[in-house]
2 protein chains.
Amino acid sequence: MPAEKEPRPVKSEQTRTLILETALRLFQERGYDKTTMRAVAKEAGVSVGNAYYYFDGKEHLIQGFYDRIGAGHQAAVREVLDRETDLQARLSGVLRAWLDVAEPYHEFAAQFFKNAADPQSPLSPFSPQSEHARRASIDIYREVLTGSRAKVPEELADVLPELMWLSQMGLVLYWVFDRSPGCERSRRLADRGAQLTARGVYLARFRVLRPLVREVHELFADFLPGMAQTAVARRKEP
Amino acid sequence: MPAEKEPRPVKSEQTRTLILETALRLFQERGYDKTTMRAVAKEAGVSVGNAYYYFDGKEHLIQGFYDRIGAGHQAAVREVLDRETDLQARLSGVLRAWLDVAEPYHEFAAQFFKNAADPQSPLSPFSPQSEHARRASIDIYREVLTGSRAKVPEELADVLPELMWLSQMGLVLYWVFDRSPGCERSRRLADRGAQLTARGVYLARFRVLRPLVREVHELFADFLPGMAQTAVARRKEP
């Protein structure tokens, strides 16, 4: 596979997209478990070897799907992050943007959930394989904080974006099962969650509270393997 | 069905248990989705009508299963609740007792999870149908608090047991996917969770924090329908 950041020729980018689109359609039609790489290749009109050139296996197709939703989210949040300085508004805008971007995949998500719910599955958002998508998403929450007027204690600057991402995972879990028209309930949950988080960040100015925030974060890092990896990778950066 | 609390004749209690045991075995062997009431009746050697006399349907078999685990848990917590007055020790004892009682069903739980994860499923621990099991479980956490030396602000006395029960649901979710030998990791998570909760209760003495605790609870009550029902039922009590 071409190294990251190196521009791929237009044609192979198109083939990659074609394979990914085809896979998503088949996952939706036949279910994730019953869809093989062979079937994806056949349906996309490429050779099996070609399909494996772009994606090492089914799990990688899902990572491709995560990356796609992530890229859509990154683009969609610009509108609110470039404009708003209020923490609660920034956060609820970012969460609502995620719901907008993910909407076309809502049906697929419910079907797919049982594979991704297992934290030890490569498909889990907490897995080492999801590291790339996860870090990009956590970076959005870093920007939610740094671009806001809220005062964030230095000692929580790295911890809070990861906790905010975890609360996004809570929203995603709720959304997967949300049957309200237009996922209206999930949107209201996004707003309420944003309100609560903003209040929590406000309260973090009280020193007595900070150890609790750190401990909650440590608990997640210790028990969700991917989270710890993200934290380690972050510390190693220049 | 006989009214609750009215003693059932020994024989019919045996039949009920037989049907429940059979159903649990078939769920495990064939999967929940593929097991019919008819198959349960046949395998248990009773008529279909008789099976429906005891359980109105498959969902009710699961409620029977929840009630059974709940009863086992209630019995198992006595040892620690009658002895300990330290909040953290009481809580970690209660969580560990749950893991002990549920252990024989660990394999079944993973298989069954995809049905119970949907909050709108009658099988969800948040469903109206699970109300009975849920309230009994929340009562255990009420006793965890009231029997401890911890000072609990009056305004949080009803809210904290429900939040503690919610954190048990978090532990259950973790346990479902825990593949460590003897579910060792879940046991450690129980201890860490207890430590964190005890610290949270300690911090609730600071008035500035209490609205946050209430708001977290309100958020769950508003978005998990069963939780609200539990709160309403509680308020109506003498």
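This short talk goes through the annotated regions, three helix pairs and the chain contact of a predicted model.

Let me begin with the annotation, since it tells us where to look in chain A. The unreviewed UniProt entry places a feature named "domain: HTH tetR-type" at residues 13-73 of chain A, and in the model that span is 80% helix and 0% strand, with its end C-alpha atoms lying 20 Å apart. The UniProt annotation "DNA-binding region", again from an unreviewed entry, covers residues 36-55 of chain A. Over residues 36-55 of chain A the model gives 75% helix and 0% strand, and the C-alpha atoms at the two ends are 12 Å apart.

I turn now to helix packing in chain A, where I will follow helix α5, residues 87-102, through two of its contacts. With helix α9 of chain A, residues 184-203, α5(A) packs at an angle of about 150°, and the two axes are 8 Å apart. Because the cut-off for roughly antiparallel is an angle over 145 degrees, α5(A) counts as roughly antiparallel to α9(A). The crossing of α5(A) past α9(A) is right-handed. On the α5(A) side the residues that meet α9(A) include L87(A), L91(A), L95(A) and L99(A), along with R96(A) and D100(A), while on the α9(A) side they include R187(A), R188(A), D191(A), A194(A), A198(A) and V201(A). Sorted by class, this contact of α5(A) with α9(A) holds eight nonpolar, five polar and five charged residues.

The second partner is helix α8 of chain A, residues 159-176, which packs with α5(A) at an angle of about 40°, the axes being 11 Å apart. At that angle α5(A) and α8(A) are therefore oblique to each other, and α5(A) passes α8(A) in a right-handed crossing. From α5(A) the contact takes L87(A), L91(A), L95(A), W98(A), L99(A) and A102(A), and from α8(A) it takes M164(A), Q168(A), L171(A), V172(A) and W175(A). By class, the contact of α5(A) with α8(A) has 10 nonpolar residues, one polar residue and no charged residues.

In chain B I would like to show one pair, helix α1, residues 10-30, and helix α6, residues 106-116, whose axes come within 9 Å and cross at roughly 65°. The two helices, α1(B) and α6(B), are therefore roughly perpendicular to each other, and their crossing is left-handed. L24(B), F27(B) and Q28(B) of α1(B) make this contact with E107(B), F108(B) and Q111(B) of α6(B), which by class amounts to three nonpolar, two polar and one charged residues.

Finally, how much area is buried between chain B and chain A? The figure is about 3,000 Å², of which carbon and sulfur atoms give 66%. In terms of residues, 29 of chain B are in contact with 29 of chain A. Which three residues supply more of the area that chain B buries against chain A than any other three? They are R192(B), L196(B) and F223(B), which supply 22% of that area.

Note on methods:
Residues are numbered from 1 along each chain as its sequence is written. Chains are lettered from A and ligands numbered from 1 in the order in which they are written. This is a predicted model: local features need pLDDT of at least 70, side-chain atom pairs count only at pLDDT 80 or more; totals for chains, interfaces and linings use all residues. Side-chain values use heavy atoms; hydrogens and water are left out. UniProt positions are given in the numbering used here, feature names are shortened, and annotations may be inferred rather than shown by experiment. Helices (H or I, at least four residues) and strands (E, at least two) are DSSP runs, numbered from the N terminus. Axes are lines fitted to C-alpha atoms, for helices over the stretch in contact, and angles run from 0 to 180 degrees between N-to-C directions. Angles under 35 degrees count as roughly parallel, over 145 as roughly antiparallel, 65 to 115 as roughly perpendicular and the rest as oblique. A crossing is left-handed if the near helix is turned anticlockwise from the far one by less than a right angle, and right-handed if clockwise. Contact means heavy atoms within 4.5 Å. Ala, Val, Leu, Ile, Met, Phe, Trp, Tyr, Cys and Pro count as nonpolar, Asp, Glu, Lys and Arg as charged, and the others, Gly among them, as polar. Buried area is the accessible area (1.4 Å probe) that two parts lose on being put together, summed over both.
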